[in-house]
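These are my notebook entries on a structure I wanted to go through piece by piece. I began with the charged pairs and then turned to the chains themselves.

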Amino acid sequence: MEIKILDKNATTMRLMIRGADVTLVNALRRIMLAEVPSMAIDEVVIIDNSSILQDEIIAHRLGLTPLKTDLDSYNLPGECECKSEFGCSLCRVTITLNAEANEGTRTVYSGELVSENPEIVPVSDKIPLIKLAKGQKLKLEAYARLGKGKNHAKWQPVSMCAYKYLPKIEIASEKCTGCAKCVEICPKKVFAIKADMVEVRDLLACNLCMDCVEACPQKPSPIKVSWEKNAFIMNIESTGVLPPERIIQEATKILDKQLKEFEEQVKVEVK
Amino acid sequence: MIIPVRCFTCGKLIGDLWEEFARRVKTGENASDILDSLGVKRYCCRRMLLSNVEIIDEILRFYEEAEKRKESQNLY
């Protein structure tokens, strides 16, 4: 297997994977969506709320606020040694908010949340949580825990995780007249005209829609669009809770763990 | 009511982009260009910002007025 990083920044990553099977790539995709843990608020104790949003709505907004996650120092609540329903300092982070509007209407931002661990804070300080009119108050205590995307979408570390086959475009140059119909119709601008001939400008952008083949006045078309059997382009966009490369690494670890567990069970049963 | 924290469809964080988006739309900039420069690529996330109406501002006006009335009564 051969992996190449096509582009990468703090939240997104694009990989080219060659020599892998759909089964493996899809397993990784599903694990990234549903099994890689991340931190989110899941219990809120409202102490005082005289704002115009109901307690439930505020709790929901807090839950959806993505928090920077530290996977190494926190445990999943079910796997923590404390075995307590309430949680301990290894599986729970307390976050408090105390906001009051003293001088006119104001917006309360996620930056005002005070976390007991300065590492576990919202990804962005500028998320509007609520607006308070003069004299209104909001005071609450929230508990953030690790969780998995399969239990609630707020625990999903990725906002996009998708793969596609690597496109393969062949142009029979001797038959192409250079009419540029395919250049016009392509929604992803894959083709370009060079010296009265159509050539592939951006292969990776192709989404295999086949519009170029249909638009070509010649039948059969000199353009042949297909895809490589064992090559994929994988796109990962993190919500900011974890860097994308860490999400992939965690996904492989989880897959490995699940397979080992499966193997153990098979061994036990066969005996 | 108030800008949702995340995109309903894909879960991308969009709440923190709202204020800049609203401010720039007010200055007359093209909404599509603003979304591009904010890095909002998918149409599910774009509609979150494009179609949002901050009704909470309208409702808060009633509370602001009530507060003003209370203050003016205290003056007399």
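Entry 1, a pair between chains. I looked up A:K134 and found it partly exposed, with a relative accessible area of 30%; I keep in mind throughout that this is a predicted model. Its partner in a salt bridge is B:E71, with the closest N and O atoms 2.5 Å apart. The pair crosses between chains, since I located B:E71 in helix 4 (residues 55-75) of chain B and A:K134 in the loop between strand 7 (128-132) and strand 8 of chain A. B:E71 also counts as partly exposed, at 36% relative accessibility.

Entry 2, pairs within chain A. The search of the whole structure gave me 24 salt bridges over all chains. One of them joins A:K137 to A:D48, and there the closest N and O atoms are 3.7 Å apart. This pair links distant parts of the chain, 89 residues apart, with A:K137 in strand 8 (residues 137-147) and A:D48 in strand 3 (residues 38-49) of chain A. I then looked at A:E250 and A:K253, which form a salt bridge with the closest N and O atoms 3.4 Å apart. Both lie in helix 5 (residues 244-270) of chain A, 3 residues apart, or about one turn of the helix. A:E250 is buried, with a relative accessible area of 10%, whereas A:K253 counts as exposed at 52%. Salt bridges with shared partners join these two, A:D72 and A:R246 into one network.

Entry 3, helix 1 of chain B. Which residues of this helix (residues 18-26) are buried? I noted B:W18, B:F21 and B:R24. Seen down the helix axis, they fall within an arc of 140 degrees, so they line one face of the helix. They pack against helix 2 (31-38) and helix 3 (43-50) of chain B, while B:R23 and B:K26 are exposed on the other side. After the helix comes B:G28, whose phi is positive, near 95 degrees.

Entry 4, chain A as a whole. I counted 5 helices and 12 strands in its secondary structure. Its radius of gyration is 25 Å, well over the 18 Å that the globule rule gives for 271 residues, so the chain is more spread out than a compact globule. Buried residues make up 42% of the 271 residues.

Entry 5, a surface patch. A:M1, A:I3 and A:L24 make a nonpolar surface patch of about 310 Å². A:M1 sits in the segment before strand 1 (2-8) of chain A and is exposed, with a relative accessible area of 64%.

Methods:
Residues are numbered from 1 along each chain as its sequence is written. Chains are lettered from A and ligands numbered from 1 in the order in which they are written. This is a predicted model: local features need pLDDT of at least 70, side-chain atom pairs count only at pLDDT 80 or more; totals for chains, interfaces and linings use all residues. Side-chain values use heavy atoms; hydrogens and water are left out. Patches are made of residues with over 30% relative accessible area and no salt bridge: like charges are joined within 9 Å, nonpolar side chains (Val, Leu, Ile, Met, Phe, Trp, Tyr) within 5 Å. Accessible areas come from the Shrake-Rupley method with a 1.4 Å probe; for residues, only the protein chains shown count as cover. A salt bridge is a side-chain nitrogen of Lys or Arg within 4 Å of a carboxyl oxygen of Asp or Glu. Buried means under 20% relative accessible area, exposed over 50%, partly exposed in between (1.4 Å probe, protein chains only). The arc is that of the directions from the helix axis to the C-beta atoms. Contact means heavy atoms within 4.5 Å. The radius of gyration is taken over C-alpha atoms; the globule rule is 2.2 Å times the number of residues to the power 0.38.
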